[in-house]
Amino acid sequence: MEFDIQTLISNIGFPITLSMYLLIRIEGKLLDLTDSINNLSKNILSIKKG
């Protein structure tokens, strides 16, 4: 899904375009953070069992 930034800005405005960009960009970082938290939980559980 490819958007032309200039078309988006002219059609829906700068604040909405900026919000969309930031939400799309942060999605990958949130997935990485979720994986890290899950790994941390597993490590903590393995330490408690050991």
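How much area does the protein chain expose, and what share of it do carbon and sulfur atoms supply? The exposed area comes to about 4800 Å², with 64% of it from carbon and sulfur. Keep in mind that this is a predicted model. Here's the quick tour.

**Fold and overall shape**
- The protein chain has two helices and zero strands.
- Its radius of gyration is 19 Å, whereas the globule rule gives 10 Å for 50 residues, so the chain is more spread out than a compact globule.
- Along the principal axes, the C-alpha atoms take up a box of roughly 60 × 20 × 10 Å.

**Burial and charge**
- Just 4% of the 50 residues count as buried.
- On the charge side, you get 5 positive and 5 negative side chains.
- The centres of those two sets sit 20 Å apart.

**The nonpolar patch**
- Ile5, Ile9, Phe14, Leu18, Tyr21 and Leu22 make up a nonpolar surface patch of about 570 Å².
- Both α1 (5-12) and α2 (14-49) chip in, each with at least two residues of the patch.
- Helix α2 gives the largest share, at four residues.

**A look at Tyr21**
- Tyr21, one of the patch residues, belongs to helix α2.
- Its relative accessible area is 47%, and it counts as partly exposed because that value falls between the 20% and 50% cut-offs.

Notes. Residues are numbered from 1 along each chain as its sequence is written. This is a predicted model: local features need pLDDT of at least 70, side-chain atom pairs count only at pLDDT 80 or more; totals for chains, interfaces and linings use all residues. Side-chain values use heavy atoms; hydrogens and water are left out. The radius of gyration is taken over C-alpha atoms; the globule rule is 2.2 Å times the number of residues to the power 0.38. Buried means under 20% relative accessible area, exposed over 50%, partly exposed in between (1.4 Å probe, protein chains only). Accessible areas come from the Shrake-Rupley method with a 1.4 Å probe; for residues, only the protein chains shown count as cover. Lys and Arg count as positive and Asp and Glu as negative; His and the chain ends are not counted. The place of a charge is taken as NZ of Lys, CZ of Arg, CG of Asp or CD of Glu. Patches are made of residues with over 30% relative accessible area and no salt bridge: like charges are joined within 9 Å, nonpolar side chains (Val, Leu, Ile, Met, Phe, Trp, Tyr) within 5 Å. A salt bridge is a side-chain nitrogen of Lys or Arg within 4 Å of a carboxyl oxygen of Asp or Glu.
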